[in-house]
Amino acid sequence: MLTLDAVSKRFALKAGYFAAARRHVYAVREVSLRIAAGETYGLVGESGSGKTTTARLAVGMYRPDGGAITYRDRAGDLHEVGRSGARARRELRTRLAYVFQDPARSLNPRMRVESILLAGLRYTANWRGVEDGRSRALAALESVGLAARHLSRRPPDFSGGQRQRVAIARALMVQPETLICDEIVSALDVSIRSQILDLLQHLRRELGLTLMFISHDLAVVTYFCDRVGVMQDGRLVEEAAARELAANPRHGYTQTLYAAVPKLPAPG
Amino acid sequence: MRDADAGPLYDVTGLTVTFSTERGPLHAVRGVDLEIDAGTVVGLVGESGSGKSVTAQALLRLLPPHALVNVPRLLFRGEDVVTMRPAALQRLRGGRVGMIFQEPARSFDPIYSIERSLAETLHTHRPELDPEALHARSVALLEEVGIAEAERRLASFPHQFSGGMLQRVMIAHALAADPEVLIADEPTTALDVTVQAQVVDLLLRLRAARGLAILFISHDLALVGQIADRLVVMYGGLVMEQGPAAAVLHAPRHPYTRALLDAHLPLGVHYTEQPLHAIPGNVPDPLHPEPGCPFAPRCAVAEGRCTRAIPPLVAEPAHAPAARATSSVAAAAPHDPMPAAVTGIVHHRCLLPGTKASLAAAAAPGEAAC
């Protein structure tokens, strides 16, 4: 279970040499949320609303300026996310994994898929040597619908959808409990998007994954998630069960978002 | 609307564009016919690599030298664009035809103030204007696209605008020479949905006020459906289906259009209730195009003959009973969503159009490749 308790994060504004030290922008302001084990939690909002910063705080990529983030794993151990110790971080990396938005940018184009997958495992507590890593790599690749022959290829040899499968496989290498998916279908074509969402649903059921699913796309978030939080200007302005939010958005901002989504005529 | 008597503004037949690349010829556009009538909004929809942007660039001969363009007929108001002399081409580009692009922030020179860049555009097309007139015209243009305090904002630089505001400034640029057609290539893709709605409103307002024809290019069928009078659906460098927007959206003839509509996630659907309609397979590789229908490898109803040769574009009346699997006699069904007024001709490239295709497509949801 992932818990964010009144978490804030600010970044220094590089407004000028003298101003730099004093001016800040708050990317996340006192966000509190709780993601239960096995739940899919969606974060939705427009660009700059703090979704990605929240996600990065949740895996310890950033350290919060206020508040606390804790993660209770399946064994019942409590981890304090964002702690500095190398050992604690290696430990945490086996519980939470992160998938980035654009696989064309998050995968090194010069590395073979096998090296990409092994690199995701090497600096974690689950590293048991190259041999073990290779067999895990094959298993991870197969679980995302790719095959052994893809191990020796490089990212440019793949289509966008396949690249995102590789990125998901990399995250699965550590056999995480929780997957943070940051806009992972935003760069994909509509016809490929459904495949990746299906794959993720399948993996979620198979592996009992907890998911944090970030997207600017309301329809995708309310389809895919159990509960959804709506972010605006760094704050969590509304949180509800996905179906409840879709049926009855309460906050004015959520209603504005809903109204702005282009709609197709209802199917006959 | 301007003089609509002289036929279409743009009249394109058989456009093909091939890029020579290190890995061999890349067939980006493989025979596209397109007509844009005065004052109408044509929506060009397709996934990445379908050839929609390349088509748009070919309309203004903007393609780079390594693009081999072959087009038997490319007319703007009856004038041949292919043989157009440089001076006339200059008047066409940004003059009679305006163009806006996906990412406004990348389309501006960051060290030019808005006033300076607008003045440059205006001066190119209206060299007779003196500095005072340029300034007045610039203010008027910014006001027309809905920028408050236009006078003051002229002194600003691109980075001082938000994405949506900058897109408005770009539209002002495109309108500077009073074009007859505006080509908008994914103009809202980089914007948030609330801002997207504002930009679409603006485009529709300009179309009404100026009688502007718009070629609106997007990967988002729902968005294009909101703005377009006519829809052109591209896939694998070919037009799969085109016709009146309402007809294409309500009674798609081609399985690809059908599949795209099914893949669209309506608001309020939940995974616990409804599986996704995934389209198996991958988008076609323009380096190795299929000999037949480009959608055949992913199509639920494709037959052997679909893969042999590219099916010809056939014309059918838009109101023919078709498509919706739930209503066998679409025109008579009480809850049929098809508006009564839909008329015109739908062109599509399917050998097995209509009910059979839609039935099969509807019967095979959620077949993912994983």
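# Exercises on a predicted two-chain model

Chain A holds 10 helices and 10 strands. The model is predicted.

## Exercise 1. Chain A as a whole

Judge how compact chain A is for its length.

**Solution.**
- Take the radius of gyration of chain A, which is 19 Å.
- Set this beside the globule rule, which gives 18 Å for 268 residues. The two values are close, so chain A is as compact as a globular protein of that length.
- Add the extents: the C-alpha trace of chain A spans about 60 × 55 × 45 Å along its principal axes.
- Check burial. Of the 268 residues in chain A, 46% count as buried.
- Turn to the contacts in chain A with a separation of 6 or more: 67% come from residues 24 or more positions apart.

## Exercise 2. Helix α7 of chain A

Compare the span of α7(A) with the expected one, then find what its buried residues pack against.

**Solution.**
- Count the residues: α7(A) has 18.
- From first C-alpha to last, α7(A) reaches 26 Å, close to the 26 Å expected at 1.5 Å a residue.
- List the buried residues of α7(A). Among them are A:Val190, A:Ile192, A:Ile196, A:Leu197 and A:Leu200. Polar and charged names such as A:Ser191, A:Arg193, A:Gln195 and A:Asp198 are on the buried list too.
- Find the partners. In chain A they are α6 (160-172) and α8 (218-224). Chain B adds α11.
- Look just past the helix: A:Gly208 takes a positive phi of about 60°.

## Exercise 3. Positive phi outside glycine

Most residues other than glycine have a negative phi. Place A:Glu183 and A:Asp233 in chain A and state how exposed each is.

**Solution.**
- Start with A:Glu183, where phi is positive at about 50°.
- A:Glu183 sits in the loop between β7 (178-182) and α7 (190-207) of chain A.
- A:Glu183 has 19 other C-beta atoms within 10 Å. Burial needs 20 or more, so A:Glu183 is partly exposed.
- Go on to A:Asp233, with a positive phi near 50°.
- The loop between β9 (227-232) and β10 (235-241) of chain A holds A:Asp233.
- A:Asp233 has 15 C-beta neighbours inside 10 Å, so A:Asp233 counts as partly exposed.

## Exercise 4. The domains of chain B

Describe the side of domain 1 of chain B that touches domain 2 of chain B.

**Solution.**
- Sketch the chain: chain B has 12 helices and 13 strands. Of its 370 residues, 45% count as buried.
- Set the bounds. Domain 1 of chain B covers 10-228, and domain 2 covers 251-268 + 276-363.
- Count the contact: 11 residues of domain 1 of chain B meet seven residues of domain 2 of chain B.
- Name the elements that give two or more residues to the domain 1 side: β2 (24-36) and α9 (221-227) of chain B.
- Find the largest share of that side. β2(B) gives it, with five residues.
- Sort the residues on the domain 1 side: four nonpolar, four polar and three charged.

## Exercise 5. Where the chains meet

Which element gives the largest share of the side of chain B that touches chain A?

**Solution.**
- Count both sides. The contact takes 43 residues from chain B and 38 residues from chain A.
- List the chain B elements that supply at least two residues each: α8 (193-210), α9, α10 (245-250) and α11 (255-263).
- Pick the largest share: α9(B), with five residues.
- Sort the chain B side by type. There are 23 nonpolar, 15 polar and five charged residues.

## Exercise 6. The largest nonpolar core

Place the largest nonpolar core relative to the domains of chain B, then follow B:Phe216.

**Solution.**
- The largest nonpolar core has 174 residues. Those with the most contacts inside the core include A:Val99, A:Ile180, A:Met212, B:Leu215 and B:Phe216.
- Helix α7 of chain B (residues 163-175) gives the largest share of this core, seven residues.
- Domain 1 and domain 2 of chain B both give residues to this core, so the core lies between them.
- Leave aside neighbours within four places in sequence. B:Phe216 is then in contact with residues including B:Val41, B:Val42, B:Leu44, B:Ala184, B:Val224 and B:Ile227.

Definitions and conventions: Residues numbered from 1 in each chain as written. Chains lettered and ligands numbered in written order. Predicted model: local features only at pLDDT ≥ 70, side-chain atom pairs only at ≥ 80, totals over all residues. Domains from an automatic or database assignment. Contact = placed C-beta atoms within 7 Å. Helix = DSSP H or I, 4+ residues; strand = E, 2+ residues; numbered from the N terminus. Core = buried A, V, L, I, M, F, W, Y, C linked by C-beta atoms within 7 Å. Buried ≥ 20, exposed ≤ 12 C-beta atoms within 10 Å, placed from the backbone. Expected span 1.5 Å × (residues − 1). Rg over C-alpha atoms; globule rule 2.2 N^0.38 Å.
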